[in-house]
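Visitor: I'm new to this structure, and I'd like a close look at the empty space in it. Could you take me through the pockets and cavities, starting with the main one?

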Amino acid sequence: MSDSDDTATVAIDPITFEVIRNSLIAASNEMALVVAKTAYSTPVNEGRDFAGTIYDRHGNLASQGEFDLPAFTGLTLLTVPEVIRTIGLENMQPGDVYMINDPYVASTHCNDVHLIKPVFRDGERIAFVASTCHWSDVGGVVAGSLNCRARSHFEEGVRIPAVAIYKAGVLNEDVLKVLLLNMRESWERRGDFNAQISALAAGEGRIQAIADRYGADVLMASMEEAQNHSERLIRAALRALPDGRYDSMDKVDRDLSTDEPKVIRLALTVDGDEAVFDLTGSDTAADCGINCTLPATTSAVFIALASILPPMPMNAGVMRAIDLKVTKGSLLWAQPPSAISGLAATSMECVISCVTQALSKAFPERGAGSPYSILNAVFAGFDDRAEFGSSFINYSWGFGGIGATKTHDGASCVGSPYTASTQNIPCELQERRYPVLYWRNMFLQDSGGPGRTRGGLGQDQLLSFPYATGTVSCIGNRERFGPPGVFGGHPGKLAHLILNRDSDQERMIGIFAVNEHAEKGDSMSFWSSGGGGYGDPLERDPAAVLEDVIDDYVSIEGAAEDFGVVVVPIDRRRLIYEIDLEATESLRASLRERTNEEVPA
């Protein structure tokens, strides 16, 4: 069988196709399970910051798992094709494994390391399997390699082009040694690498088992049909939308070199069964680590489509109906040596927000307010406890609120659309592995964007460092501009990061902190933003506001200020409250009048 053979002529009955399609999903799930059970680092084995994906013999994304990080499965639309371009199909052989993390052509930031293996049968290539994990450190100036103040990628860690880390089944130890020598806690990186290699073996084994049962030709034809099937589904979804242009915009809080915001503008044009996502009106590149790579921008569009449009298998077929326009060298198509380590919490999430807003205008029934932006926080130093006595990197994240929809309030303290498959890393586990102590981890009251339906709540975390002196670094967004609401919904509340809050050593270091010194005994308080609201908050059912007050999601003051509902406490201890209907009607009338006065003619 040659590369030019046409598998489309192979007949596949619908039942066989569905069995194979779901078998591929199961194979991806098994790859994910292998990583979760064997990886060394906490963000991978507990946080599930990974993906296991399957591609056809030409490198097109054919299947993803149910536990795959959406950000990875979107950007890998470009990852395997880049490996093929660099290595050459003619140079690939059984037992090869290729490694790449180059953000500018095939990844998000340098921390996300991809291992890719071609699958051969009877000497012919029939598929590719890939495992992607976020490595907690890949070198650079800042522990954790998330350096939002970097001026170039040379400050952010090791950049790996497509290289053969295994050739014909033989590990290139020399290359791996060089890479690991430039990474902190290299033993942990090696453990994650081994987990990914094991995941590739599991995926390859499942691919071979499917081929054993149905034949390689049927398997490859099913991969192609899976993409065709998704293309038909998205084209049908686009045809259901009104033709027209839908504009949106969002802001990254600041370019750290100017302290001015960076604006992302989207013009979505729907024409029949095709859509053009034009981001060329967005700002120029920043002189810090908030720039977005083309793979990450592509992934952001892919993720937002999956969030708003009707459910469909997300693979390369989806992007056939999409025309993405981005200016090379801009904020959303960074070129070397532009710094990019903070993109996942800043510009990438703002692209998701813009696509969500634009699609909401085209498809109000499935529209939603924008989600929060994740906070990536790193506490690093030396653990003084006798049983440890070693350096550490505690990388964790703050979840937040998802935007409200037409019929439901947004989910609270969950992963954002691009991290939807991840999990909160348990406080107890972090306390066991790292010199930290958690005092609070809870919903952040009043943080959800007000609306007829309310945005989800952000997360309020307070932890201390009783055993170690170290540094704190963070990358996030939404400290100045909350996640936008839609159809009159208000933005979610803002994010913050403070050392030693409510003490005489209080220091607002902000969510763009880099190597901020933390003494033994210091505390860190950080909270993420809530999701954007949907619809006018003065139209929210007062009974729903009362329920929010009872649940501590909304304060009595927030009920009045944000929703115009006057809640009277009868017995706080027993959670007995009631609504003053007359006062509520009067307050809402006053707030509407004030809003009308503020709107320019």
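**A walk through the empty spaces**

Guide: Happy to. Let's start with the largest pocket, which holds about 860 Å³ of space. Its lining counts 43 residues, and the ones closest to the centre are Pro-70, Ile-303, Ala-306, Ser-307 and Ala-420. Keep in mind as we go that this is a predicted model.

Which elements build that lining? At least two residues each come from α1 (14-38), β2 (61-64), α3 (70-87), α7 (216-239) and α8 (294-308). The largest share belongs to α8, with 6 residues. Sorted by class, the lining of this pocket has 21 nonpolar residues, 16 polar ones and 6 charged ones.

Now for the second largest pocket, at about 240 Å³. Here 13 residues form the lining, and His-490, Pro-537, Leu-538, Leu-591 and Thr-595 sit nearest the centre. Two or more lining residues come from each of α12 (556-563) and α13 (581-598). Of these helices, look at α13 in particular: 6 residues of the lining, the largest share, are from α13. The class count for the second largest pocket reads 3 nonpolar, 4 polar and 6 charged.

So much for the pockets; on to the cavities. Rolling a probe the size of a water molecule over the atoms shows where empty space is left. For this model, the count is 4 cavities of 30 Å³ or more. The largest cavity has a volume of about 160 Å³. Around that cavity are 18 lining residues, with Asp-49, Leu-69, His-134, Tyr-395 and Tyr-418 nearest the centre. You've already met α3 as part of the lining of the largest pocket; α3 also gives at least two residues to the lining of the largest cavity, and so does β13 (390-398). The lining of the largest cavity divides into 10 nonpolar, 6 polar and 2 charged residues.

Follow β13 and you come to the second largest cavity, since β13 supplies at least two residues of that lining too, as do α10 (427-433), β14 (437-444) and β15 (458-464). The second largest cavity offers about 50 Å³ of space. You can pick out its lining in full: Ser-396, Trp-397, Asn-424, Ile-425, Cys-427, Gln-430, Tyr-438, Asn-441, Gln-459 and Gln-461. By class, that makes 4 nonpolar and 6 polar residues, with no charged ones.

What surrounds all these spaces? The protein chain has 13 helices and 22 strands. Its C-alpha atoms fill a box of roughly 80 × 65 × 45 Å along the principal axes. A compact globule of 601 residues would have a radius of gyration near 25 Å, and the chain's 25 Å agrees with that. Of the 601 residues, 59% count as buried. Among contacts between residues at least 6 apart in sequence, 73% join residues at least 24 apart. As for the outside, the chain exposes about 22400 Å², and carbon and sulfur atoms supply 51% of that area.

A few single spots are worth a stop before we finish. Ser-107 lies in the loop between α4 (103-106) and β4 (112-121). Is Ser-107 buried or exposed? Its relative accessibility is 0%, so Ser-107 counts as buried. Beyond its neighbours within four places in sequence, Ser-107 has contacts that include Leu-75, Asn-101, His-114, Thr-293 and Pro-295. Thr-76 is 31 residues away from Ser-107 in sequence, yet their C-alpha atoms are 7.4 Å apart in space.

The last stops concern the backbone. Most residues other than glycine have a negative phi, and most peptide bonds are trans. Against that background, Ser-145 has a positive phi of about 65° although it is not a glycine. You'll find Ser-145 in the loop between β5 (124-134) and β6 (163-167), and at 1% relative accessibility Ser-145 counts as buried. Asn-500 is also not a glycine, and its phi is positive at about 55°. This residue, Asn-500, belongs to the loop between β17 (496-499) and β18 (507-508); Asn-500 is buried, with a relative accessible area of 10%. Finally, the peptide bond from Pro-336 to Pro-337 is cis, with omega near 5°. Look for Pro-337 in the loop between β11 (322-325) and α9 (347-362).

Definitions and conventions: Residues are numbered from 1 along each chain as its sequence is written. This is a predicted model: local features need pLDDT of at least 70, side-chain atom pairs count only at pLDDT 80 or more; totals for chains, interfaces and linings use all residues. Side-chain values use heavy atoms; hydrogens and water are left out. On a 1 Å grid over the protein atoms alone, a cavity is a set of points where a 1.4 Å probe fits but cannot get out, and a pocket is an open set with protein on both sides within 12 Å along at least five of seven lines; lining residues have an atom within 4 Å of a point. Grid points are joined across faces, edges and corners, and a volume is the space filled by probe spheres set on the points. Helices (H or I, at least four residues) and strands (E, at least two) are DSSP runs, numbered from the N terminus. Ala, Val, Leu, Ile, Met, Phe, Trp, Tyr, Cys and Pro count as nonpolar, Asp, Glu, Lys and Arg as charged, and the others, Gly among them, as polar. The radius of gyration is taken over C-alpha atoms; the globule rule is 2.2 Å times the number of residues to the power 0.38. Buried means under 20% relative accessible area, exposed over 50%, partly exposed in between (1.4 Å probe, protein chains only). Contact means heavy atoms within 4.5 Å. Accessible areas come from the Shrake-Rupley method with a 1.4 Å probe; for residues, only the protein chains shown count as cover.
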